[in-house]
Amino acid sequence: MTESAAQRDFWTGVAREYDRVVDLQIGPATRGLIRERLSREGRLGDVVELGCGTGFYTRALVQQADSVVATDLSPGMLELARAAVAAPNVTFQVENCESTSFPDASFDVVFAALVLHFTEPARALAEMRRILRPGGVLLVANLDPKALSGLDRLRCQVRILWRGLTGYRRRPPPGLGRNVLSERELLDLLAAGGFKVTASEAIRDASRSSHIPIEWVSARR
Ligand SMILES: C[S@@+](CC[C@H](N)C(=O)[O-])C[C@H]1O[C@@H](n2cnc3c(N)ncnc32)[C@H](O)[C@@H]1O
């Protein structure tokens with residue numbers, strides 16, 4: 001089985017548990033804080049969401065966009081997203097964000113939350129740039145355990161592993177999530193890929209010092 005088929009099957013197998021487990025892994029307020037930051041981007045035009053999961057951010061995107069194509073590698077995730085988000089301006093389709101079926105320059109905004117570390121990041125970023133219109137904007141929410149140090153980083157990593165194993169009760173494919181990027185690594189990859197970074201901000205559920213930091217990064221094609 002290919003790596004992407006193994007990921008597809010894993011995410012489909014855990015889709016019904018995802019929302020509960022991810023909040024235990026990354027802190028209960030984290031995704032709400034990211035969605036609040038997204039709402040401050042204002043109007044977005046034509047948007048593609050990559051790795052939309054259960055549609056947590058799709059609900060917000062449909063309010064801000066002219067059109068949204070919500071995509072994911074996993075049909076099981078997409079099924080839940082489709083059931084959760086009813087809006088006239090959204091469509092759903094299976095796509096691998098490293099190699100999509102979209103023509104060049106299709107979108108004003110590409111949005112990807114908590115997805116890059118499951119991909120080959122340089123390849124995924126090149127694909128994101130390809131499908132963005134000139135001047136279009138990439139919005140990324142990047143999980144960054146490397147922004148913590150010492151015991152906090154260890155606690156964060158153990159929490160994510162433990163909550164994942166006990167919550168999903170399914171063995172993850174080998175190397176799942178191995179490509180976590182620090183803020184520096186992400187910004188360097190974006191620059192090398194021809195993006196101009198316009199913002200990078202830290203978001204974190206402060207209820208525990210070991211909750212994972214998220215970088216909210218905006219970059220222009
Ligand atoms: C941690 S979840 C994030 C879901 C959603 N963005 C959120 O933050 O609630 C990761 C999602 O990325 C999807 N995914 C993993 N690799 C992918 C790929 N190569 N292309 C598209 N989606 C992918 C998974 O199926 C899963 O739904």
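A polar contact, as I use the term in these entries, is a pair of N or O atoms within 3.5 Å.

**Entry on the ligand contacts.** I was working with a predicted model, and I began with the side chain of Arg31, where I found an N or O atom 3.0 Å from an oxygen atom of the ligand. That distance falls within the 3.5 Å cut-off, so I noted the pair as a polar contact. I then turned to Asn96, which has a polar side-chain atom 2.9 Å from a nitrogen atom of the ligand. At Cys97 the partner belongs to the backbone, a polar atom of which is 2.9 Å from a nitrogen atom of the ligand. How much of the ligand's accessible area does the protein cover? I read off 98% of the 590 Å² that the ligand has on its own.

**Entry on the surrounding shell.** I looked up which residues surround the ligand and found 20 of them, with Gly51, Asp72, Asn96, Cys97 and Ala113 as the closest. When I sorted this shell by residue type, I obtained 11 nonpolar, 6 polar and 3 charged residues.

**Entry on the cysteines.** How many disulfides does a search of the whole structure find? I recorded 0. For Cys52, which is in no disulfide, I noted that the nearest cysteine sulfur is that of Cys97, 11 Å away. Is Cys52 buried or exposed? I entered Cys52 as buried, because its relative accessibility is 5% and the cut-off for buried is under 20%. I also checked Cys156, which is buried, with a relative accessible area of 0%.

How values were computed: Residues numbered from 1 in each chain as written. Predicted model: local features only at pLDDT ≥ 70, side-chain atom pairs only at ≥ 80, totals over all residues. Heavy atoms only, no water. Disulfide = S-S within 2.5 Å. Buried < 20%, exposed > 50% of the residue type's maximum accessible area, 1.4 Å probe, protein only. Near = heavy atom within 4 Å. Polar contact = N/O pair within 3.5 Å; in protein donor to acceptor, adjacent residues only side chain to side chain. Areas by Shrake-Rupley, 256 points an atom, 1.4 Å probe, with all protein chains shown as cover. Nonpolar A, V, L, I, M, F, W, Y, C, P; charged D, E, K, R; others polar.
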